[in-house]
Amino acid sequence: MNNFFRWPSWRSSPTPRLHRRPPVVIRGGDAIAKRSYSCGQTNFFRLLQHDAVPLEFWFRPEVALNAPPILVHEWLATGRAITAELPCTQHEGHYHLWLPTEQCGVHRFKIKYQIGRQWYWDRMPYAYYVVDPVTIPDLRIYTLIPTASGHMGEWRRDLPRLRTLGFNMIHLLPITTMDTSESPYAVRDHFAIDPAYVDPKDRATAWSQLDRFLSEARQMGFKLAVDLVINHVGIESPIVAHHPTWCAEDADEADGIRRSGWSDGRAWHKWHDLALLDYDLPDQRERTALWHYMTEYGLLWSRLAAKNEGMIRLDNLHSSHEGFTEHLLCAIRSEHPDLILFGEIFADPPVVERLVLKYGLHLILATPWEHKFLPELRGYIQDLHRADQKVRYYFPISSHDSGSPAQEFGDVISTLPRLVISTLLGPGPSGVTQGVEFGLEKRIDFIGRKGRLHLAHHAEIARLLTALNHLTSSSRSFHIPGNLRFIDGNHRAIIGAARLNDGGNVAYLIFANLDIYHAHQLAVDLTALPGLDTPCQFRDVLSGETVASHPPQLPVPLDPGDVWILEVLRARQDSNLRPQA
C-alpha cells in the first residue's frame, strides 16, 4: 500500500444508526377532504394586521376523531420559530378557527388530528402567509431629498406645508456622511450624519437636531421611512481604506476592488464611486466583523424609523446578499416587529414572490412611469391588482431615480393625469418625490450638496395633490386591492375606471386624459356597473358640483391632460337635477 495515502478515519467507522421509536405524530394523514386555504410556499397569501380571517377545513365523512384537531402555528419573522398549538372548533359539519394576525411578518401553519390513539399530520405542506402592518393601506408618502433641502432646521419648517398637502409619511434618502461623490448612497460613515444637514445656528449636536425633527414630525402625524444601503460603500470610505478585504475583488480595476452597478437587461452599468461589499468572506473572523458592523448600522437607523411608526427601504434589494439580508431583517424584526419592510426589487414575478416570502416584505416598488402608453399601462395596473394577494405594491407617480413626470411623459401638464392614476387606480399606497408638487421640468438630482433649493409654487398641481390625498385618506375604496374595473372600452387616450365599495357596488368613477395635446370623449355604459342601473347622482370631487346622469350612458368629455373624478352619492329619480351634457 502507498504509505502516503490513508483512508480518512470516517471510512472505517461503523455506519451511524438512528434510534428508531414510534413518532408522536405520523406524517401523511389524508383524512382532510377540503381546505379553505392553499398550502405550500409558492401559494402563500397575505393579510392585514388585526384582520379577522376564518380558517376552515372539512374531514372525510367516514373519519371519526377522538379529539378536536389542532392548528400548529409558527411565527417565523425573527429567525426562530415561535410555536403555538391552537384548538379548532366544530361548526356545521366542518372545523374552523381564526388565523393569528397580531404579529407582522411571515407565519406558517399545519393541521394535526387524532384518530384512535394516534396523532397525524395533514399530508399537505405547511401553509404560509405574511401579515402586514395595519398602517400600510393609508400611507401617503413624500420622498424628501436631503441634499436639496438645506439643514434640519429647514426640514422642520417645511413640515406644515407637507401636512397641508396631505402626506403622512416622510421618506428620507440616506443622511449618513457622504463620500467624495456626494451621493447619499455612497456612504462614508454609517454612524454619522452628514455635516451638510446640521443647522449651523443650532448649538445642539447633529443627532439632537435629528431627534427634534423626528419629534416635531411625529407630533404632526408623520411617520418616517429611512433607506438602508447594504450592498456597497463609498470607494473613498474608511471601510475601503482600513478593511479592503471586506470588498469584493476585481482584477480589472486599478485598485483591485469591484464596483457596484446595475443592469438594464442589455448592458451592465458601473457605479464608479461605489465599492461592492463581499458578505461571503472566506475568513470567518472578517466575515463576522463585516456582518456585525452592517447589522449595527441597520439596527441604528431602524430604531429611528420605529420611533415614528415607520418603514425601512432596502435599496437595490434584488442585488443584495440573501444570507446577510435575512440575518439583518431577523435582527430588526426582533426589536421592531411592526416596522414596515419596503424592498426595491427589479426582477421577474417568481423571484419577487420568493424574496417577499423569504424576507417578509410588506411593500415592493412599482414602476408605472415605465409604461408610457395606455394598453401597457392598463395591463400593468391589472397585473398589480391581481398580484396583491401575494405582493403589495407602492405605486408612486415617479421616484428619485426616474425622471420627473415632465421628463417621462413629455410636459408638466402630464403630471395631472398621472397623479390621478398613481393615487386612485393603484392597488396600494402612493406618493411623490420632492419636486413633483412644484411641476419641475427636470427631476431634482439627489447627488451633490446643493443647500436648499427655492422652488416656485405650482398651484394647480398642489391643489390636485391635496384633494387626492384627502380623498384616499377618507375612503376605504382606494385601500381595497382588486376592486378596480376598467370602463373606458380600451380607449386610446382616456383611462377610465370604477372603484367598488365593500358591498361590491360602484363608489367612484375616475377618468384621465393622457393625451396632453388633444381633447377626447368617451361614453360609459352605466347599466353594466353594479348599483348604477337607475338615474344616478354624483359629486364631482374636484369642483364639488353635483352631476346627474340618466343611464344607459354617461358622456365623458376631457380636455388635454384633464381629469374627472365622480363620487357616487345615490341612485334615485330626481327630475330637478341637470343631466350631464
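How many cavities of 30 Å³ or more does the count come to? In this predicted model, the count comes to 7 cavities of that volume, and before turning to them it helps to look at the packed part of the protein.

The largest nonpolar core has 113 residues, and those with the most contacts inside it are Leu210, Leu228, Trp301, Ile312, Leu361 and Ile495. The element that gives the most to this core is helix α4, spanning residues 284-307, with 7 residues. Leaving aside residues up to four places away in sequence, Trp301 touches Ile175, Thr176, His190, Ile193, Trp207, Leu210, Val226 and Leu228; of these partners, Leu210 and Leu228 are themselves among the residues with the most contacts inside the core.

We now come to the empty spaces. The largest cavity has a volume of about 130 Å³, and it is lined by 16 residues, of which Leu139, Thr423, Pro429, Ser430 and Thr472 are the closest to its centre. At least two residues of this lining are supplied by each of α9 (415-424), β24 (430-433) and α10 (459-474), and the lining of the largest cavity divides by class into 7 nonpolar, 7 polar and 2 charged residues.

The second largest cavity, with a volume of about 110 Å³, is lined by 14 residues, and the closest to its centre are Thr143, His171, Arg313, Leu365 and Tyr394. Here the strands β12 (140-144) and β20 (311-314) each supply at least two residues of the lining, while the lining of this second largest cavity comprises 6 nonpolar, 6 polar and 2 charged residues.

Terms used
Residues numbered from 1 in each chain as written. Predicted model: local features only at pLDDT ≥ 70, side-chain atom pairs only at ≥ 80, totals over all residues. Heavy atoms only, no water. Core = buried A, V, L, I, M, F, W, Y, C linked by side-chain atoms within 4.5 Å. Buried < 20%, exposed > 50% of the residue type's maximum accessible area, 1.4 Å probe, protein only. Helix = DSSP H or I, 4+ residues; strand = E, 2+ residues; numbered from the N terminus. Contact = heavy atoms within 4.5 Å. 1 Å grid on protein atoms, 1.4 Å probe; cavity = no way out; pocket = protein on both sides within 12 Å on 5 of 7 lines; lining within 4 Å. Points joined across faces, edges and corners; volume = space filled by probe spheres on them. Nonpolar A, V, L, I, M, F, W, Y, C, P; charged D, E, K, R; others polar.
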